[in-house]
Amino acid sequence: MKDVRPEQSSRTRGYGNMYTPSAGPMIIHLQRARGLAHRTVVLTQRQMHALRIGVLALLLILTLGAASWVYLATQASRVPFLTRRVTHLQHDVRRLDTLQLKLAELERRYNQVQRMLGVSHSGAVSTTRVPSDSTRRITAP
C-alpha cells in the first residue's frame, strides 16, 4: 500500500479550497450578527462551474472595456492638436493660392514688358499653369 499523507489527500479532494473544481457542492451559511435569523445556500458543482465561468467572463469584459477606454481616451486627446494642425494647413493653402496668383500676374507683366521692348522669349522664365477656379481646391475660412 502506498503511504498517503493526510494533508496531501485533503488537498487533492479540495478540502478547505473553494477554487478546486472537483471539491463537490459548496455550502454558504449566512448568519445575522444579532438575532437568530440565518440562511443556508447550497451551490451544486454545476452551479459553481457556471459561477466561475461567469466571473471570468465578467473580468474579461471589464478588462476589454478598460483597454478600449484607454485607447479611445488617447485618440480623443489628439483631437485639439489635429484641429490646430488642420487650421494651420488651411492657412498655408490660402497663402500658397495667393502666392501662385501673384506669380502668375508677375509672369504675365514680365511677358508684356518683353513684348513691348521687342525682346524674344529667351526661355529664362518658365510659365506655370495657374489652376482655374473650377480646379482650384476651395477651403473654408
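**Salt bridges and a nonpolar patch**

I begin with the pair E105 and R108, whose side chains meet in a salt bridge at 2.5 Å, N to O. A salt bridge here is a side-chain nitrogen of Lys or Arg within 4 Å of a carboxyl oxygen of Asp or Glu.

Before going further, a word on the material. This is a predicted model, in which local features need pLDDT of at least 70 and side-chain atom pairs count only at pLDDT 80 or more, while totals for chains, interfaces and linings use all residues. Residues are numbered from 1 along each chain as its sequence is written, and side-chain values use heavy atoms, with hydrogens and water left out.

To return to the pair: E105 and R108 are three residues apart in helix α3, a separation of about one helical turn. Helices, I should add, are DSSP runs of H or I with at least four residues, numbered from the N terminus. E105 is partly exposed at 28% relative accessibility, and R108 is also partly exposed, at 46%. On this scale buried means under 20% relative accessible area, exposed means over 50%, and partly exposed lies in between, with a 1.4 Å probe and protein chains only.

E105 has a further partner. Its side chain meets that of R109 in a salt bridge of 3.1 Å, N to O. R109 and E105 lie four residues apart in helix α3, again about one turn of the helix. R109 has a relative accessible area of 48% and is partly exposed. Through shared partners, the salt bridges join E105, R108 and R109 into one network.

How many salt bridges does the rule give? The count comes to three. Another of them links the side chains of D92 and R95, at 3.6 Å, N to O. Helix α3, which spans residues 79-117, holds both D92 and R95, three residues apart, about one turn of the helix. D92 counts as partly exposed at 22% relative accessibility, and R95 counts as partly exposed at 48%.

Finally, I turn to the nonpolar surface. L51, V55, L56, L58, L59 and L62 make a nonpolar surface patch of about 590 Å². Patches consist of residues with over 30% relative accessible area and no salt bridge; like charges are joined within 9 Å, and nonpolar side chains (Val, Leu, Ile, Met, Phe, Trp, Tyr) within 5 Å. The areas come from the Shrake-Rupley method with a 1.4 Å probe, and for residues only the protein chains shown count as cover. L58, one of the patch residues, has its place in helix α2, residues 45-77.

Definitions and conventions:
Helix = DSSP H or I, 4+ residues; strand = E, 2+ residues; numbered from the N terminus.
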